[in-house]
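Please open the model in your viewer and keep the sequence panel beside it. The tour below goes from one selection to the next and says what can be found at each.

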Amino acid sequence: MNQEDFPKNYIGFVKRALVLLKKYSLIKRVELLVEKPEDPDDTSTPIKSFITVITPDSYNYQLVPEVPVNNKSFLTFQLKAAGDAHIALSAMYSELQSKTHEIVIGENNKRSLIREGSLGSIRAESMTMNILSSKEFRYFWVSWLNHHIEVGRGKKHGQGRFLHWHVPPNKQFNINCLAVSTGKASKGRWEFVELLDAYVDPSGKL
């Protein structure tokens with residue numbers, strides 16, 4: 001076995017298997033077949049950073065500057081909450097009432113919304129019963145490519161969409177900051193992962 005050619009994410013498994021086999025003296029040989037997984041969610045992409053945000057059970061947005069959005073068109077995250085998870089995609093953090101797309105995942109854990117501004121007019125909604133959980137993390141993604149606000153569940157961006165709004169020309173703006181909140185129904189724990197291959201520096205350098 002050439003360790004340099006062997007997939008690094010399997011080395012830990014092989015080491016553990018060898019330790020366990022020491023307990024079974026009758027086993028003289030083990031054949032191991034390693035195949036590349038076909039699951040598109042299984043990735044060994046290097047992680048740039050890992051950000052955790054805790055939000056209280058009150059409707060107060062927390063800016064998340066550690067997750068840059070001005071150089072992206074989507075993001076994925078994990079969330080643990082009983083309901084009322086809010087995401088603000090804004091031109092500026094001070095413009096939550098005007099230049100902000102507000103996404104609500106699991107309002108009372110029954111429906112999800114896209115609003116024009118904080119607590120503004122509803123532009124899209126969908127019934128999403130029990131979409132959130134206070135006991136386990138669940139994956140979601142949000143996209144704003146070409147002024148299409150889309151929200152979906154799962155690790156894979158583009159799949160499992162349950163909200164969509166095409167922003168009209170007179171309401172369009174560049175998204176430069178991200179803020180999150182949970183309402184009175186629940187506290188929230190958000191986990192954002194920045195992947196190296198998903199990061200593009202404004203200067204054009206990785």
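The stops begin with the whole chain and then move to single residues and pairs.

**The whole chain.** Bear in mind throughout that this is a predicted model. Colour the chain by secondary structure, and one helix and 12 strands should appear, with the helix placed at the N-terminal end of the order and the strands following it. Of the 206 residues in the chain, 38% are buried, while the accessible surface comes to about 12800 Å², with 51% of that area belonging to carbon and sulfur atoms. If you display contacts with a separation of 6 or more, 62% of them join residues that are 24 or more positions apart.

**S112.** Select S112 next, which lies in strand β6, the run of residues 111-116. With a relative accessible area of 0%, S112 is buried, and its side chain reaches the backbone nitrogen of G106 at 3.1 Å. Beyond its neighbours within four places in sequence, S112 is in contact with residues including V104, I105, A124, S126, F162 and L163.

**E102 and R115.** Stay with strand β6 and add E102 and R115, whose side chains meet in a salt bridge at 3.3 Å, N to O. Because E102 belongs to strand β5 (residues 100-107) and R115 to strand β6, the pair ties together parts that are 13 residues apart in sequence. E102 is buried, its relative accessible area being 0%, and R115 is also counted as buried, at 9%. Extend the selection to E107, R111 and E125, since these residues are linked with E102 and R115 in a network of salt bridges. A search of the whole structure finds nine salt bridges.

**K171 and E116.** Now select K171 and E116, which form a salt bridge with 2.8 Å from N to O. K171 sits in the loop between β10 (161-166) and β11 (177-182), whereas E116 is in strand β6, so this pair ties together parts that are 55 residues apart in sequence. K171 counts as partly exposed at 33% relative accessibility, while E116, at 18%, counts as buried.

**V53 and E191.** Move to V53 in strand β1, a residue that counts as buried at 9% relative accessibility. Measure from its C-alpha to that of E191, and the two prove to be 6.5 Å apart in space although 138 residues separate them in sequence. Apart from its neighbours within four places in sequence, V53 is in contact with Q62, V64, V180, G188, R189, W190 and F192. E191 in turn forms a salt bridge with R189, the closest N and O atoms being 3.3 Å apart; E191 counts as buried at 10% relative accessibility, and R189 as partly exposed at 32%.

**The aromatic rings.** Show the aromatic side chains, among which the structure holds six aromatic pairs. W190 and F192 make a stacked pair, with 6.4 Å centre to centre and 5° between the planes, and both W190 and F192 are buried. Add F77, F140 and F162 to the view, and these join W190 and F192 in one aromatic cluster.

**The surface around V30.** Finish by switching on the surface and selecting Y24, I27 and V30, which form a nonpolar patch with about 300 Å² of accessible area together. V30 is located in the loop between α1 (11-21) and β1 (47-55), and its relative accessible area of 52% makes it exposed.

Key:
Residues numbered from 1 in each chain as written. Predicted model: local features only at pLDDT ≥ 70, side-chain atom pairs only at ≥ 80, totals over all residues. Heavy atoms only, no water. Helix = DSSP H or I, 4+ residues; strand = E, 2+ residues; numbered from the N terminus. Buried < 20%, exposed > 50% of the residue type's maximum accessible area, 1.4 Å probe, protein only. Polar contact = N/O pair within 3.5 Å; in protein donor to acceptor, adjacent residues only side chain to side chain. Contact = heavy atoms within 4.5 Å. Patch = residues over 30% accessible without salt bridge, like charges linked within 9 Å, V, L, I, M, F, W, Y side chains within 5 Å. Areas by Shrake-Rupley, 256 points an atom, 1.4 Å probe, with all protein chains shown as cover. Salt bridge = Lys/Arg side-chain N within 4 Å of Asp/Glu carboxyl O. Phe/Tyr/Trp six-rings, centres within 6.5 Å; stacked < 30°, edge-to-face > 60°.
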